[in-house]
Amino acid sequence: MFASHALTWEVTASRGFETAWTERADGVLRTRGRAVGTVPEPYWVSYELETAEDFVTRRLGVTVETGSGARVLDLRHDGHGSWTANGEPLPDVDGALDCDLGLCPLTNTMPVLRHGLHREPGEREFLMAWVSVPDLAVRPSRQTYTHLRPGRVRFSSGDFRSDLEFDDEGYVVDYPRLATRLTGR
């Protein structure tokens with residue numbers, strides 16, 4: 001039985017908002033989301049995220065609309081470590097288990113849930129297939145998540161560091177300098 005949630009964040013980094021409708025059960029997450037932002041330019045984003053067991057990304061479909069038109073990304077993980085973007089291989093992110101959609105607090109959920117970092121001590125380093133918004137370029141991103149206390153996880157990547165607050169379900173409540181949740185408990 002899937003548990004459903006509707007989550008809305010004010011995304012201060014983009015001067016916008018995002019809503020995600022999630023369904024989760026037995027290590028699987030399905031989400032569809034919509035976001036609007038004005039930084040670095042006005043844009044609309046629609047996305048669908050599907051994971052396999054253990055919250056490993058299988059597919060992220062994204063459409064972005066800006067003043068110059070629409071872009072589409074079909075990002076797929078084959079379950080064996082290889083990725084494609086719109087059918088083209090992405091060897092730079094081979095081995096990554098997760099995607100990370102830029103300016104999207106929802107995509108911090110998968111690695112945290114997989115390792116229970118919002119509840120239990122631990123530190124994990126990940127390679128992510130990071131998708132920048134609004135251009136939808138996919139790049140490798142090394143990220144570290146460190147449990148600080150229940151509900152608090154430190155995120156770091158390069159010189160960037162932020163202490164994220166998660167709810168009991170593993171969804172971001174507060175991501176300083178990026179987003180704060182408005183609804184969904």
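## Close-up views of a predicted model

**Close-up A. Pro134 and Leu136 share the loop between β10 and β11.** Pro134 turns up in the stretch that links β10 (123-131) to β11 (138-149). This is a predicted model, and in it the peptide bond from Val133 to Pro134 is cis, with omega at about 15°. Leu136 is in the loop between β10 and β11 too. Its backbone is worth a look: Leu136 isn't a glycine, yet its phi is positive, at about 65°. Is Leu136 buried or exposed? Leu136 has 8% relative accessibility, so it goes down as buried.

**Close-up B. Another cis peptide bond, between Val39 and Pro40.** Here omega is about 10°. Where does Pro40 sit? Look in the loop that runs between β3 (28-37) and β4 (43-51).

**Close-up C. Leu103 has a positive phi without being a glycine.** The phi value for Leu103 is near 65°. You'll find Leu103 in the loop between β9 (98-101) and α1 (109-115). Leu103 comes out at 24% relative accessibility, so partly exposed is the right label for it. For Leu136, by comparison, the figure is 8%, which counts as buried.

**Close-up D. Asp100 is buried and has no salt bridge.** Asp100 belongs to strand β9. Which side chain of opposite charge is nearest to Asp100? That would be Arg139, and it's 11 Å away. A salt bridge needs a side-chain nitrogen of Lys or Arg within 4 Å of a carboxyl oxygen. What Asp100 does have is a polar contact, side chain to side chain, with Thr107 at 3.1 Å. Skip the residues up to four places away in sequence, and Asp100 touches Thr107, Met128, Ala129, Trp130, Val131 and Gln143.

**Close-up E. Tyr145 and Phe155 meet edge-to-face.** How many aromatic pairs does the model hold? The count comes to five. In the pair formed by Tyr145 and Phe155, the ring centres are 5.3 Å apart and the planes make an angle of 70°. Tyr145 is part of strand β11 and Phe155 part of strand β12 (residues 152-157), so this pair ties together parts that are ten residues apart in sequence. Both Tyr145 and Phe155 are buried. Zoom out a bit and you get one aromatic cluster, made up of Phe126, Tyr145, Phe155, Phe160 and Tyr175.

**Close-up F. Arg30 lies over the face of Phe2.** The distance from Arg30 to the ring centre of Phe2 is 3.9 Å.

**Close-up G. Glu48 and its contacts in strand β4.** Glu48 is a strand β4 residue. With 38% relative accessibility, Glu48 counts as partly exposed. Which residues does Glu48 contact, once neighbours within four places in sequence are set aside? The list reads Thr31, Arg32, Arg59, Leu60 and Gly61. For a longer look across the model, try Glu48 and Val138: they are 90 residues apart along the chain, and their C-alpha atoms are separated by 16 Å.

Methods. Residues numbered from 1 in each chain as written. Predicted model: local features only at pLDDT ≥ 70, side-chain atom pairs only at ≥ 80, totals over all residues. Heavy atoms only, no water. Helix = DSSP H or I, 4+ residues; strand = E, 2+ residues; numbered from the N terminus. Buried < 20%, exposed > 50% of the residue type's maximum accessible area, 1.4 Å probe, protein only. Contact = heavy atoms within 4.5 Å. Phe/Tyr/Trp six-rings, centres within 6.5 Å; stacked < 30°, edge-to-face > 60°. Lys NZ or Arg CZ within 6 Å of the ring centre and 35° of its normal. Lys, Arg positive; Asp, Glu negative; His and termini not counted. Polar contact = N/O pair within 3.5 Å; in protein donor to acceptor, adjacent residues only side chain to side chain.
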